[in-house]
Amino acid sequence: MTLVAAALFIAGSLPAAAQQSGSAGAASTPAPQAGENMSHDMNAMLERLRSDFQRMADAARRNTQDVLNRQTLVVITTDQLIAIAAGAVAGAVIIDLLGGGGMATLTAAAVGGVAGHWIYSQPPQPAPVQGG
């Protein structure tokens, strides 16, 4: 439950980070057109990430509430468990290598675990059609 709360905390802080990065660019002198395009692309990417993370957090919240209310039976396969563990380890290692520690590393482990399961649970993509 603590890990879900930590993941939700990050989801709430993403809009503030996007706003701060946007306002920091506005305070400086006018950048060339390429810089403005990159700033716009970066803000758009941050907004997409925030939106995707919010959807993942909402789904996790609903599923957690169902489990806590004993409305849903949870069955985790070995492959799912491996995906969650790999995501958790990857998230923690990345933040640790970047100099984070303590709560940042724990939060990254929680987010990495959720992301690992989400990536694993995506339906397979159809093979590209070879034209000829």
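At 30% relative accessibility, Asp-52 counts as partly exposed. Its partner is Arg-55: the two side chains meet in a salt bridge, with an N to O distance of 2.9 Å. The model is predicted, and this pair is one of three salt bridges in the structure. Arg-55 is exposed, because its relative accessible area of 51% passes the 50% cut-off. Both residues lie in helix H2. They are three residues apart, about one turn of the helix.

A second salt bridge joins Glu-47 and Arg-50, again with 2.9 Å from N to O. These residues also belong to helix H2 and sit three residues apart, so about one helical turn separates them. Glu-47 is partly exposed, with 40% relative accessibility. Arg-50 is partly exposed too, at 23%. The cut-off for a buried residue is under 20%, so Arg-50, at 23%, is not counted as buried.

The remaining salt bridge links Asp-58 to Arg-61, whose closest N and O atoms are 2.9 Å apart. The spacing is three residues within helix H2, so the separation is about one helical turn. Asp-58 has a relative accessibility of 24% and counts as partly exposed. Arg-61 is likewise partly exposed, with a relative accessible area of 39%. Side chains of opposite charge can pair when their charged atoms come close.

Helix H2, which spans residues 33-68, also holds Met-42. Met-42 joins Met-45 and Leu-49 in a nonpolar surface patch of about 270 Å². At 43% relative accessibility, Met-42 counts as partly exposed. Patch residues need over 30% relative accessible area, so Met-42, with 43%, passes that cut-off. For the protein as a whole, the exposed area is about 9,700 Å². Carbon and sulfur atoms supply 66% of that area.

The overall fold is helical in its assigned elements: the protein has four helices and zero strands. Along the sequence, the pattern reads α-α-α-α. Of the 132 residues in the protein, 16% are buried. Contacts were also sorted by sequence separation. Among those between residues at least 6 apart in sequence, 72% join residues at least 24 apart.

Helix H4 covers residues 103-121 and contains 19 residues. From first C-alpha to last, H4 reaches 27 Å. That span is close to the 27 Å expected at 1.5 Å a residue. Buried positions in H4 begin with Thr-105 and Thr-107. They continue with Ala-108, Ala-109, Ala-110 and Val-111. Gly-112, Gly-113 and Gly-116 complete the buried set of this helix.

Confidence varies along the chain. The average pLDDT of the protein is 76, and 72% of the residues score at least 70. Helix H1, residues 2-27, has the lowest confidence, with a mean of 52. Helix H3, residues 78-97, has the highest, at 88. Local features need a pLDDT of at least 70, and the mean for H1 is 52.

Conventions: Residues numbered from 1 in each chain as written. Predicted model: local features only at pLDDT ≥ 70, side-chain atom pairs only at ≥ 80, totals over all residues. Heavy atoms only, no water. Helix = DSSP H or I, 4+ residues; strand = E, 2+ residues; numbered from the N terminus. Expected span 1.5 Å × (residues − 1). Buried < 20%, exposed > 50% of the residue type's maximum accessible area, 1.4 Å probe, protein only. Contact = heavy atoms within 4.5 Å. Areas by Shrake-Rupley, 256 points an atom, 1.4 Å probe, with all protein chains shown as cover. Patch = residues over 30% accessible without salt bridge, like charges linked within 9 Å, V, L, I, M, F, W, Y side chains within 5 Å. Salt bridge = Lys/Arg side-chain N within 4 Å of Asp/Glu carboxyl O. pLDDT = per-residue confidence, 0-100.
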